Amino acid sequence: MRRLTWFNTTSLTLGFAFLYLPMVILIIYSFNESRLVTVWAGFSTKWYGELLQNQAFLDAALVTLKVGVASSTIATVLGTMAAYVLVRGGRFFGRTLFSGMIYAPLVMPEVITGLSLLLLFISIGLDRGMITIVLAHATFSMCYVSVVVSSRLVSFDKSLEEAALDLGCSAFEAFRLVTLPIIAPAVISGWLLALTLSLDDLVIASFVAGPSSTTLPIKIFSSVRLGVSPEINALSTILILIVAVGTISASLVTKRAVKRRQMEEKMAGD
Amino acid sequence: MNQPAPTAAFAPWEDAKAKPLISFQNVTKKFGDFTAIDNISIDIYEREFFALLGPSGCGKTTLMRMLGGFETPTMGKILIDGQDMANVPPNKRAVNMMFQSYALFPHLSVWDNIAFGLRRDKLPKDQIEARVEEMVKLVRLDKFARRKPHQISGGQRQRVALARSLAKAPKLLLLDEPLGALDKKLRQDTQFELMDIQEKTGTTFVIVTHDQEEAMTVASRIAVMDEGLLIQVDTPARIYETPNSVYVADFIGDVNLIEGNASPRGDGKTILHWAEGQPPLVAECPHAPDVEARCTFAIRPEKVTISKEKPTDRTNAIQGKIEDIAYLGNLSTYSVLLANGTRVKAQTANNRRLSRRELTWEDDVWLSWTETAGIVLDK
């Protein structure tokens with residue numbers, strides 16, 4: 001058994017503090033009685049109550065959610081298709097260029113992506129609103145989806161698809177009935193990643209958003225510029241809670257599935 | 001009572017009128033600069049159990065994948081049942097394949113795996129159920145039908161793969177190293193099971209293997225391949241007894257190879273001078289060259305008799321010293337060193353108890369064989 005040395009304890013403490021101290025302070029101050037963010041005046045949940053009364057925040061949250069779901073769904077469909085072509089398509093003409101273009105948004109500064117999308121929407125005369133945010137988010141999150149999905153496809157046994165073809169499937173049926181169900185976990189995590197990216201995005205959204213379509217990050221950012229209100233703390237605490245519950249339950253579910261599978265495989269081998 | 005007519009041995013390849021089920025006509029396959037298949041022509045007949053045998057990289061898998069429709073020939077034609085297969089995709093062929101990795105669908109149960117192909121044909125539900133039931137019984141997996149592939153053992157998975165590929169009653173079943181992942185005992189049992197199923201269903205089987213024992217056991221004919229070329233196509237017995245080249249003789253089973261100068265004696269027999277100061281070997285062999293040439297004499301260890309006294313009734317007898325004995329239980333193999341440094345193996349059945357046997361290390365012995373025991377090969 002390895003013991004925690006003085007050095008290990010220190011690095012662990014520093015690491016956790018560095019990562020989570022800001023969030024802990026934010027959560028503590030969300031229960032602050034006082035209107036001043038930096039002065040503690042006793043415990044209260046009143047800012048949570050006020051948050052629920054704030055129609056502007058609720059509207060922004062709804063817009064963010066709609067944009068997130070729509071854009072991540074589009075990104076997942078396009079990203080999965082792109083990944084499939086890149087992994088399975090062999091050496092077609094322009095493959096290197098195509099894969100470069102798919103992965104470019106990963107390294108492209110957001111400001112440039114946002115600006116170029118804005119110019120595109122203006123030049124084709126598309127009014128800025130929810131649709132433009134959805135399109136912009138789908139564009140940049142698609143490459144993340146295709147990275148996740150293609151890494152799964154690389155390790156996917158190609159003979160499974162050949163077996164499906166051999167048993168009478170057309171190429172599309174083989175994808176729908178065999179490939180897709182097997183790579184579904186990767187597709188779902190790609191979707192979740194795209195959703196997170198969309199919920200999180202401020203820079204690109206502020207380029208392409210119209211007056212009627214303020215997303216939550218834009219709303220928070222603009223209200224913080226007028227001074228940090230304890231309501232924002234409450235809102236952020238809720239968001240942290242949602243993310244934490246999601247992440248922890250996802251990892252628990254995966255762990256249990258892996259354990260069960262190992263046990264079944266062991267039993268089958270005997 | 002009517003006496004049934006004596007059934008002729010199954011040998012459609014010897015019947016000039018028989019129509020082949022599969023016909024490769026001058027097929028060549030290239031991957032870039034690499035020639036995987038080099039101008040091959042073979043006919044395979046209905047109900048055959050045909051083995052493609054060769055070391056890895058010899059092109060046997062490519063040849064089979066072309067039958068399945070996963071590769072297209074660069075040159076030449078492949079006919080199945082008289083129809084040119086050039087533009088027929090895998091899902092439109094009456095051919096099914098059992099994959100080396102089994103390729104079972106991990107998200108479907110054993111039952112659904114077997115039903116997969118039938119469902120694609122849009123058969124009525126009760127027909128599908130009856131057929132799957134039949135298949136599950138055939139491979140004795142009734143108890144495991146509801147399990148997922150990862151919940152059963154390797155041998156059971158192999159049987160699911162077989163049942164799935166047989167479910168659509170294909171004209172032709174392709175098996176890609178089907179028993180590679182099984183241990184020896186299970187592999188032998190499964191070989192007999194495969195033969196049994198092949199006979200029951202009357203399907204034509206084409207099997208790819210690198211295991212010569214497996215090919216000998218299951219196949220009606222074997223095609224020995226090397227570097228994209230077809231070396232010999234024949235029945236297992238003829239491949240073993242009369243290989244057409246040193247490559248085939250060496251690839252199938254154990255063999256002693258002795259090089260020498262061969263010349264025909266005129267009475268259908270060949271004389272082989274193989275070492276100075278040693279009597280020449282005499283062999284009677286149908287395919288021996290009819291001019292003097294550098295040749296290789298090939299003889300199987302079990303056809304070499306080993307004895308302490310010089311035998312009087314055999315033409316070929318040479319003397320040597322026992323260098324090594326490999327005791328295999330049922331057999332013993334003696335490695336005998338000849339005066340010129342050549343090693344010759346002789347194999348005898350151990351039908352006596354160990355203590356009663358008379359030969360041991362360093363003994364001077366005579367090796368002998370008849371004129372028809374070995375063969376002379378010129379390539």
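How many bridges join β4(B) to strand β5 (residues 83-84) of chain B, and in which sense do they run? I looked this up before anything else: there are two bridges, and the strands run antiparallel.

**Ground rules**

I am working on a predicted model, where local features need pLDDT of at least 70, side-chain atom pairs count only at pLDDT 80 or more, and totals for chains, interfaces and linings use all residues. Residues are numbered from 1 along each chain as its sequence is written, while chains are lettered from A and ligands numbered from 1 in the order in which they are written. For helices and strands I go by DSSP runs numbered from the N terminus (helices are H or I with at least four residues, strands are E with at least two). I call two strands paired if DSSP finds at least two bridges between them.

**Chain B, around β4**

I stayed with the hairpin that β4(B) and β5(B) form, which has two residues between the strands. B:D81 sits in that turn with a positive phi of about 60°. Across the pair, I found B:L79 opposite B:D84 of β5(B).

I then checked β4 (residues 75-80) against strand β1 (residues 22-31) of chain B, and these pair in the antiparallel sense over five bridges. In that pairing B:Q25 stands opposite B:K77 of β4(B).

**Chain B, the six-stranded sheet**

Next I traced an open sheet of six strands in chain B, with the order β6-β7-β8-β3-β9-β10 and mixed pairing. Its edge strands are β6 (95-98) and β10 (229-234), each pairing on one side only. On average, neighbouring strands here are turned by 20° against each other, direction ignored. (For angles, axes are lines fitted to C-alpha atoms, for helices over the stretch in contact, and the angles run from 0 to 180 degrees between N-to-C directions.)

Inside this sheet I looked at β3 (residues 49-53) and β9 (residues 221-226) of chain B, which run parallel and are joined by four bridges. B:A51 has B:I222 as its bridge partner in β9(B).

**Chain B, the five-stranded sheet**

I found another open sheet in chain B, made of five strands in the order β13-β12-β11-β14-β20, with antiparallel pairing. β13 (281-284) and β20 (375-377) stand at the edges with a single partner strand each, so one side of each is left without a neighbour in the sheet. Here the average turn between neighbouring strands is 45°, direction ignored.

I also noted that β11 (residues 256-264) and β12 (residues 269-273) of chain B run antiparallel and are joined by four bridges. The bridge partner of B:N261 in β12(B) is B:H273.

**Chain B, a helix pair**

How do α2 and α4 of chain B cross? I get axes of α2 (residues 110-120) and α4 (residues 154-166) that come within 7 Å and cross at roughly 25°. That makes α2(B) roughly parallel to α4(B), a label for angles under 35 degrees. On the α2(B) side the contact is made by B:V110, B:N113, B:I114, B:F116 and B:G117, and on the α4(B) side by B:V160, B:A163 and B:R164. (In contact means that C-beta atoms, placed from the backbone, lie within 7 Å.)

**Where B meets A**

I looked at the chain contact next: 20 residues of chain B are in contact with 19 residues of chain A. On the chain B side, β6 and α2 are the elements that give two or more residues. The largest share, three residues, comes from α2(B).

**Chain A, a helix pair**

In chain A, I checked α6 (residues 130-154) against α8 (residues 171-200): the axes come within 9 Å and cross at roughly 155°. That makes α6(A) roughly antiparallel to α8(A), the label for angles over 145 degrees. Residues making the contact include A:H137, A:S141 and A:Y144 of α6(A) and A:I183, A:A186 and A:V187 of α8(A).

**Record check**

UniProt (unreviewed entry) annotates "transmembrane region" in chain A at several spans, among them residues 99-124 and 130-154. I note that such annotations may be inferred rather than shown by experiment. Residues 130-154 of chain A are 100% helix, with end C-alpha atoms 35 Å apart. Residues 99-124 of chain A come out at 88% helix and 0% strand, with end C-alpha atoms 26 Å apart.

Terms used. Angles under 35 degrees count as roughly parallel, over 145 as roughly antiparallel, 65 to 115 as roughly perpendicular and the rest as oblique. Two residues are in contact if their C-beta atoms, placed from the backbone, lie within 7 Å.
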